[in-house]
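Hi there,

Here is the structure I promised to pass along. Have a look at it first, and then read on for what turned up in it.

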Amino acid sequence: MTSEILPRTTTRSDLYRQIAVTLSIIICVVGSMIGVGVFGGTPIAEAAGGALGSDATLLAPASAAFSIWSVVYLGLVAYTVWQWLPAQKASPRQRAFGWLVAASMLLNAAWILSIQAGWLNASVLVILVLLAVLTVVFVRYSSRPAGSWVEAAIVDGTLGLYLGWVSVAVCANIAAALSAAGFDGFGLSPDLWAVGVLLVVAVVGVGLAVKGNGRLAVAAAIGWGLTWIAVGRTSGQMESMTTSITAAVVAAVIVLATIAIRVRSGRRSEAEPRTA
């Protein structure tokens, strides 16, 4: 009999973790409402002098891209409920990354407030830390398979979308901060810089696919963000066909590579001898 099927003893720390996740989602949701102007605040696209608007930089996604936050927030609410289930209280998976998920939601709220305050440089630091936290979460849940398809959807799916979208958002955030600071690109054309950043995103996206054995949610979110960057660059003040085509190609490469890795991983698993 393995340790995985033996009863697990719950601890006070498990309860504290569940409470921390719950408080964090409340703060996160309230922060998101502030970010869209529900409480009278300035919407993110208009805050900080419009630095994160859809026409602010070549790497800014079209405004429709941000609708993915609704899915992510709903998923995080579902995750919060899920981690309160009796079977999840002492779950090795929840113990491995529950605290980090709570931290990510607080960082999310902090990012929104920093943008609202016009602190672009601070917002870059916050979103970089958020990306690092979500990457650690990704590594931890990828090494521990979900116990059911429900868990895979609620936990892995939500956290994958979260990481994938932030991977794109961090590029737009850094570009916005540099633009607001008057960065001239060392004399290189903005198109060249945009293409360079998108190629880095391609490497990161494929790397995440390899590490996660083809996690579709991550690729879907990255592909979503890149597609809307491509759409945004087809018109408006920051029109750039070079950036648009590159973003579309990178999105396709990441999604197709992820699917290929997932299929190959599935075939390899079927070929392995079954164990008890």
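Let me start with a puzzle: does Arg233 count as buried or exposed, going by its relative accessibility? Keep in mind that this is a predicted model. Arg233 has 0% relative accessibility, so it counts as buried. Its side chain is paired, though: Arg233 forms a salt bridge with Asp55, and the closest N and O atoms are 3.5 Å apart. The two partners are 178 residues apart along the chain, with Asp55 in the loop between H1 and H2 and Arg233 in the loop between H8 and H9. Asp55 is partly exposed, because its relative accessibility is 31%.

**Other salt bridges**

The total number of salt bridges comes to 6. One of them joins the side chains of Arg95 and Asp14, at 2.7 Å from N to O. This pair also links distant parts of the chain, since Arg95 belongs to helix H4 and Asp14 to helix H1, 81 residues apart. Asp14 is buried, with a relative accessible area of 1%, whereas Arg95 counts as partly exposed at 36%.

Another salt bridge connects Arg93 with Glu151, whose closest N and O atoms are 3.0 Å apart. Here the link runs from helix H4, which holds Arg93, to helix H6, which holds Glu151, and spans 58 residues of chain. Arg93 is buried at 5% relative accessibility, and Glu151 is buried at 6%. Through shared partners, salt bridges join Arg93, Glu151, Asp156 and Arg215 into one network.

**Helix H6 and the core**

Asp156 is worth a second look, as helix H6 bends by about 30° at that residue. H6 covers residues 149-180, which is 32 residues, and reaches 44 Å from its first C-alpha to its last, close to the expected 46 Å. Of those 32 residues, 23 are buried, so H6 is largely enclosed by the rest of the structure. After the helix comes Gly182, with a positive phi near 85°.

As for the nonpolar interior, the largest core has 69 residues, and the members that touch the most others are Leu76, Phe97, Leu159, Tyr162 and Leu226. Two or more residues each come from H1, H2, H4 (92-116), H5 (120-142), H6, H7 (190-211), H8 (216-232) and H9 (241-271). The largest share is that of H6, with 14 residues. In soluble globular proteins, nonpolar side chains tend to be buried together.

Helix H8 has 17 residues and reaches 24 Å between its first and last C-alpha atoms, close to the 24 Å expected. Its buried residues include Ala217, Ala221, Gly225, Leu226 and Ile229.

**A patch on the surface**

Some nonpolar side chains are on the outside instead. Leu15, Tyr16, Ile19, Leu23, Ile26, Val30, Trp84 and Trp99 make a nonpolar surface patch of about 730 Å². Helix H1 (residues 12-35) gives the most to this patch, with 6 residues. Trp84, by contrast, is in the loop between H2 (68-82) and H3 (86-89). Trp84 has 38% relative accessibility and therefore counts as partly exposed.

**Loops to look at**

Most residues other than glycine have a negative phi. Which loop residues have a positive phi without being glycine? Phe186 is one of them, with phi near 55°, and Asn213 is another, at about 55°. Phe186 is in the loop between H6 and H7, and counts as exposed because its relative accessibility is 68%. Asn213 is in the loop between H7 and H8, and at 39% relative accessibility it counts as partly exposed.

Finally, there is Ser91, in the loop between H3 and H4. Ser91 is buried, with a relative accessible area of 6%. Its C-alpha atom is separated by 20 Å from that of Gly212, and the two residues are 121 apart along the chain.

Happy browsing, and all the best!

How values were computed. Residues numbered from 1 in each chain as written. Predicted model: local features only at pLDDT ≥ 70, side-chain atom pairs only at ≥ 80, totals over all residues. Heavy atoms only, no water. Patch = residues over 30% accessible without salt bridge, like charges linked within 9 Å, V, L, I, M, F, W, Y side chains within 5 Å. Areas by Shrake-Rupley, 256 points an atom, 1.4 Å probe, with all protein chains shown as cover. Salt bridge = Lys/Arg side-chain N within 4 Å of Asp/Glu carboxyl O. Helix = DSSP H or I, 4+ residues; strand = E, 2+ residues; numbered from the N terminus. Buried < 20%, exposed > 50% of the residue type's maximum accessible area, 1.4 Å probe, protein only. Expected span 1.5 Å × (residues − 1). Bend = angle between axes of the 7 residues up to and from the residue. Core = buried A, V, L, I, M, F, W, Y, C linked by side-chain atoms within 4.5 Å.
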